[in-house]
Amino acid sequence: IDGRVVKIYIKRFNIANPEYIPEGIRSSIKDFTSYIDYWAVDFDYKGDTFHNMRREYKTRKKPKLKTLITYEYDKPGKYDIFVKVVDILGNDTNKLLTVIINGEKPSAL
């Protein structure tokens with residue numbers, strides 16, 4: 001957290017059942033991001049419905065997955081952040097985080 005800006009990043013990821021991944025694909029895995037199809041973040045999760053506010057995913061033209069998502073809050077407060085990671089097998093891994101935003105909104109340059 002820096003002022004009203006929150007940075008969410010993935011440092012590591014373990015797939016639940018790597019034995020289900022064909023050997024040809026498994027042998028081509030270079031790092032943990034190869035196991036992730038996409039990930040998304042709801043920066044104001046209210047406990048019921050996930051709102052995909054920011055997302056990162058791979059495509060054939062963009063095969064490298066970004067592991068950082070940034071968001072700026074309009075006002076201070078306590079917020080729940082829901083992170084959803086979908087692996088290459090279609091399984092969801094979720095994480096709920098709580099942050100307290102106290103900072104001032106940066107002034108325009």
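Trainee: Setting aside neighbours within four places in sequence, which residues is Thr-33 in contact with, and what makes a pair count as a contact?

Mentor: Thr-33 is in contact with Lys-58, Leu-65 and Thr-67, and a contact means that heavy atoms lie within 4.5 Å. The model is a predicted one, in which local features need pLDDT of at least 70 and side-chain atom pairs count only at pLDDT 80 or more, whereas totals for chains, interfaces and linings use all residues. Residues are numbered from 1 along each chain as its sequence is written, and side-chain values use heavy atoms, with hydrogens and water left out.

Trainee: Why is Thr-33, in the loop between α1 (23-26) and β2, called buried?

Mentor: Its relative accessibility is 9%, and buried means under 20% relative accessible area, exposed over 50% and partly exposed in between, with a 1.4 Å probe and protein chains only, so Thr-33 counts as buried.

Trainee: What makes the link between the side chains of Thr-33 and Asp-31 a polar contact?

Mentor: The two side chains are joined at 2.5 Å. A polar contact is a pair of N or O atoms within 3.5 Å; within protein, one must be able to donate a hydrogen and the other to accept it, and residues adjacent in sequence count only if both atoms are side-chain atoms.

Trainee: How do you know that Asp-42, which is found in strand β2 (residues 36-42), has no salt bridge?

Mentor: The nearest side chain of opposite charge, that of Lys-46, is 8.1 Å away from the buried Asp-42, while a salt bridge needs a side-chain nitrogen of Lys or Arg within 4 Å of a carboxyl oxygen of Asp or Glu, so Asp-42 has none.

Trainee: Which backbone nitrogens does the side chain of Asp-42 reach instead?

Mentor: A polar atom of the Asp-42 side chain lies 3.3 Å from the backbone nitrogen of Tyr-45, and the side chain also reaches the backbone nitrogen of His-51 at 2.9 Å. Beyond four places in sequence, Asp-42 touches several residues, among them Phe-50, Asp-80 and Phe-82.

Trainee: Is Lys-46, in the loop between β2 and β3 (54-57), buried or exposed, and how do you know?

Mentor: Lys-46 has a relative accessibility of 61%, and therefore counts as exposed. Its side chain makes a polar contact with the side chain of Asp-44 at 3.2 Å, and its C-alpha atom is 7.2 Å from that of Asp-80, although the two residues are 34 apart along the chain.

Trainee: Why is Asn-52 called partly exposed?

Mentor: Asn-52, found in the loop between β2 and β3, has a relative accessible area of 34%, so it falls into the partly exposed class. Leaving aside neighbours within four places in sequence, Asn-52 is in contact with Ala-40 and Val-41.

Trainee: Where does Ile-88 lie, and what makes it partly exposed?

Mentor: Ile-88 is in the loop between β5 (77-87) and β6 (92-101), and its relative accessibility of 33% is the reason why it counts as partly exposed.

Trainee: How many helices and strands does the chain have, and what makes a stretch count as one?

Mentor: The chain has one helix and six strands, which follow the pattern β-α-β-β-β-β-β along the sequence. Helices (H or I, at least four residues) and strands (E, at least two) are DSSP runs, numbered from the N terminus. Buried residues make up 30% of the 109 residues in the chain.

Key: Lys, Arg positive; Asp, Glu negative; His and termini not counted.
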